[in-house]
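Q: Could you take me through one helix of this model up close, from its two faces to what it packs against? I'm new to reading structures, so a friendly walk-through would be great.

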Amino acid sequence: MAIGPVGIACQKSIKNGKMDLIEPVIDRTKNLLPRDGEVNYYGRLFEKTTADIYLEKLLSLIDWRNDEAIIYGKKIITKRKVAWYGEKPFSYTYSNVTKHALPWTNELLELKHVTEKETGEKFNSCLLNLYHSGEEGMAWHSDGEKDLRKNGAIASLSFGAERKFAFKHKGSKEKVYVLLEHGSLLVMKGATQTHWLHRLPPTKKVKDLRVNLTFRTIDSDVFKDTTP
Ligand SMILES: O=C(O)CCC(=O)C(=O)O
């Protein structure tokens, strides 16, 4: 079964006595997944001008590095850039490559604060991805790092080009899609990572860049400082 792109309810607004633009009404309490997990789309948290400013700051102030992966023993350098920040030098292993978190920047702390206020959750780390155009994406995966708090919420902030995001159930293969807008927030929680994969499909239609931040919680009890 394919569901979506997730239906966003629309409401007609009346301004100056005239029917005006159709404004989307987003129900952030609605679970986008039909079973085995919970995903909520909060829509845009920031007005366009504020989101533009954050995008500019993230592009210039984050220590972006090309992502590396070791696949079948070969080192692959991806076009997509990544960065990993946190309250301790947490290690994060992705495709057999381990990184250590850099200390928070002011912008990341501001965004973490907004995200925590909106979601009522607490986060201690953030993985960032920079996609230069729609031709860069991310393959099917679930966020099941061993140090990641089991069933902890993962909050995903998006800035820049609007991109389609997909979920696929690991058993039934059913799919759910959602459009991630500039300045928007998506939250995955509960058993989502156990039962669902997610991906950012590449597309030739999108020419502009996009930055994504996923705020996460690393279990501090499990964490051992392995900074070289
Ligand atoms: O860019 C995105 O929205 C997806 C990022 C993602 O899947 C991840 O960080 O695990």
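A: Let's start with the outward side: Asn-106, His-113 and Lys-117 of helix H2 are exposed. Keep in mind as we go that this is a predicted model.

Now turn to the other side. The buried residues of H2 are Leu-108, Leu-111, Lys-112 and Thr-115. They lie on the same side of H2 because they cover an arc of only 105° around the axis. There is a handy rule behind this pattern: an α-helix has 3.6 residues a turn, so residues three or four places apart point the same way.

What do those buried residues meet? They pack against helix H1 (48–61) and a set of strands: E6 (74–86), E10, E12 (154–160), E15 (184–189) and E17. Two of these partners, E10 (125–131) and E17 (210–216), are also among the elements that give two or more residues to the shell around the ligand. That shell includes Leu-127, Asn-129, Asn-212 and Thr-214, and its residues divide into five nonpolar, five polar and one charged.

Next, look along the length of the helix. H2 runs over residues 106–119, which makes 14 residues, and it reaches 20 Å from its first C-alpha to its last, close to the 20 Å expected at 1.5 Å a residue. Just after H2 comes Gly-120, with a positive phi of about 75°.

One last link is worth finding on your screen: Thr-119 is among the residues that Val-187 touches, along with Val-39 and Ala-155. Val-187, Val-39 and Ala-155 are themselves among the residues that touch the most other members of the largest nonpolar core, which has 42 residues.

Methods. Residues are numbered from 1 along each chain as its sequence is written. This is a predicted model: local features need pLDDT of at least 70, side-chain atom pairs count only at pLDDT 80 or more; totals for chains, interfaces and linings use all residues. A residue is near a molecule or strand if its C-beta atom, placed from the backbone, lies within 6 Å of it. Helices (H or I, at least four residues) and strands (E, at least two) are DSSP runs, numbered from the N terminus. Ala, Val, Leu, Ile, Met, Phe, Trp, Tyr, Cys and Pro count as nonpolar, Asp, Glu, Lys and Arg as charged, and the others, Gly among them, as polar. A nonpolar core is a set of buried Ala, Val, Leu, Ile, Met, Phe, Trp, Tyr and Cys residues joined through C-beta atoms within 7 Å. A residue is buried if 20 or more other C-beta atoms lie within 10 Å of its own, exposed if 12 or fewer, and partly exposed in between; C-beta atoms are placed from the backbone. Two residues are in contact if their C-beta atoms, placed from the backbone, lie within 7 Å. The expected span of a helix is 1.5 Å times one less than its number of residues. The arc is that of the directions from the helix axis to the C-beta atoms.
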